[in-house]
Amino acid sequence: MSSLIEHCQSISIGWIVDYEEIILYCQNGRLLTIIDNIVSLTNLGQQFVYANKEEYLELTNEQKNIIVEQIVFNGSWEHESRIFFSSFKVNLNLGTYELSFEENPLQARFNKILKVFIFLEIVEINQFYVRVFPKFSLTISNLISRDKTITEEELENILSEKKRLGSAAENAVVEFEKNRLLNLGKKLQAELVRKISSLNVAEGYDIESFNGNSENIIPDRFIEVKATKSDKFRFYWSVNEMKVATQKRDSYFLYLIKNFNENKISVISPLILQNPINIFEKFPEVKIEATTFLVENIDKIPMYKFMNDQFQWYQIS
């Protein structure tokens, strides 16, 4: 260990560093083992070193990911991380977790771990709060829930908020569809657009509408609406919704709305996916996780923007 510290000191560029503390941190993170004062890399440590083949002085993004995934949330720091985030509260508007300094001042014991989390870009901080970056919100939720049950009241509030947001988004799409059909000169079809999610939640879609390429008054566009307040297309897709999408194929549409503001339902620009099953099969970069299906990375698919004087939307070829 002493020779390792001496070696590190010999290649540093003038600043004072407590290398012994760093080595102990790495030991605690299971990157290193120290037996009889002999320091060795663990398998995880070797993986960490190989993630910086160019030997940059700063950690690479790949190295940061290893720390986050295999040490902070699923490794030796998991317990301390859970304690740290246990006092954070859900911000439903932003879809993430945050700690308000006014409501719950941060304990001094967490100062070091906070600095690490800021460096790893897990959280951001200002004078009012510490806030988790949204991409880690689900990870934090799973971390906290490993030893914490949600109360009935908390669950009811979350479900109520989700239902309210979903209903507002569905109303916005109904108006969008009516305007689209009126723009095509299909006044009767526009009047027949209807929201059915409140009538039968088992249908596998929310709205019955029309493609507008005929005078047929039998619905031929079945729309499932997914909305988020975040700036990324990311949603949960139930097994039943996927089953209905598979059955209806070209008649089934996903209308995805990001940056949704329920106070401005007349201003939406949905991404419209016709036959989404076919699209997701053609583009393997779209990530789908099972139970309720979590769909991500839709932004990576080439999309085309359409607009007229009244509204705009996006489609994928």
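## Close-up views of a predicted model

**View 1. The buried residues of helix H7.** In helix H7, which spans residues 137-145, Ser137, Ile140, Leu143 and Ile144 are buried. Looking down the axis of H7, you will find these buried residues within an arc of 120 degrees, so they line one face of the helix. Their cover includes helix H5 (78-85), strand E4 (96-100) and strand E6 (129-132). Please keep in mind, here and in the views that follow, that this is a predicted model.

**View 2. Phenylalanine 133, in the loop between E6 and H7.** With a relative accessibility of 27%, phenylalanine 133 counts as partly exposed. Setting aside residues up to four places away in sequence, phenylalanine 133 touches Thr96, Glu121, Ile122, Val123 and Glu124. For a sense of distance, follow the chain 52 residues from phenylalanine 133 to glycine 185: the C-alpha atoms of the two are separated by 45 Å.

**View 3. Glutamate 121 and its positive phi.** Glutamate 121 is one of the residues that phenylalanine 133 touches in the previous view. Most residues other than glycine have a negative phi. Glutamate 121 is not a glycine, yet its phi is positive, at about 60 degrees. You can find glutamate 121 in the loop between H6 and strand E5 (123-125). Its relative accessible area of 44% makes glutamate 121 partly exposed.

**View 4. The hairpin of E1 and E2.** Strands E1 and E2 pair in the antiparallel sense, with four bridges between them. One pair to pick out is leucine 32 with its bridge partner in E2, leucine 41. Two residues lie between the strands of this hairpin, where aspartate 36 takes a positive phi near 55 degrees. Asparagine 37 also has a positive phi, near 70 degrees, and is a residue other than glycine. Asparagine 37 is found in the loop between strand E1 (32-35) and E2. At a relative accessible area of 43%, asparagine 37 is partly exposed.

**View 5. The second largest pocket, with a volume of about 1,900 Å³.** Which residues should you look for at its centre? Of the 40 residues that line the second largest pocket, Ile22, Cys26, Phe48, Leu57 and Leu59 are the closest to the centre. Two or more lining residues come from each of helix H1 (2-11), helix H2 (19-28), strand E2 (38-41), helix H3 (43-50), helix H4 (61-72) and helix H6 (111-119). H2 gives the most to this lining, with six residues. By residue type, the lining of the second largest pocket divides into 27 nonpolar, six polar and seven charged.

**View 6. Threonine 60, in the loop between H3 and H4.** Is threonine 60 buried or exposed? With a relative accessible area of 14%, threonine 60 is buried. Apart from neighbours within four places in sequence, threonine 60 is in contact with Ala51 and Asn52.

**View 7. An open sheet of seven strands.** Trace the strands in the order E7-E8-E9-E11-E12-E16-E15, and you will meet mixed pairing along the way. Strand E7 (194-195) and strand E15 (304-307) stand at the edges with a single partner strand each, so one side of each has no neighbour in the sheet. Strands of a sheet pair through backbone hydrogen bonds, either parallel or antiparallel. At the E15 edge, four bridges join E15 to strand E16 (residues 312-315), and the two run antiparallel. Among the pairs here, methionine 307 has glutamine 312 in E16 as its bridge partner.

**View 8. The largest cavity, holding about 40 Å³ of space.** How many cavities of 30 Å³ or more does the structure hold? There is one cavity of that size. Lys226, Ala227, Thr228, Lys232, Phe233, Arg234, Phe235, Leu256 and Ile257 line the largest cavity. Strand E9 (221-227) and strand E11 (252-257) each supply at least two of these lining residues, and both strands also belong to the open sheet of the previous view. The lining of the largest cavity divides into five nonpolar residues, one polar and three charged.

Technical notes. Residues are numbered from 1 along each chain as its sequence is written. This is a predicted model: local features need pLDDT of at least 70, side-chain atom pairs count only at pLDDT 80 or more; totals for chains, interfaces and linings use all residues. Side-chain values use heavy atoms; hydrogens and water are left out. On a 1 Å grid over the protein atoms alone, a cavity is a set of points where a 1.4 Å probe fits but cannot get out, and a pocket is an open set with protein on both sides within 12 Å along at least five of seven lines; lining residues have an atom within 4 Å of a point. Grid points are joined across faces, edges and corners, and a volume is the space filled by probe spheres set on the points. Ala, Val, Leu, Ile, Met, Phe, Trp, Tyr, Cys and Pro count as nonpolar, Asp, Glu, Lys and Arg as charged, and the others, Gly among them, as polar. Buried means under 20% relative accessible area, exposed over 50%, partly exposed in between (1.4 Å probe, protein chains only). The arc is that of the directions from the helix axis to the C-beta atoms. Contact means heavy atoms within 4.5 Å. Two strands pair if DSSP finds at least two bridges between them.
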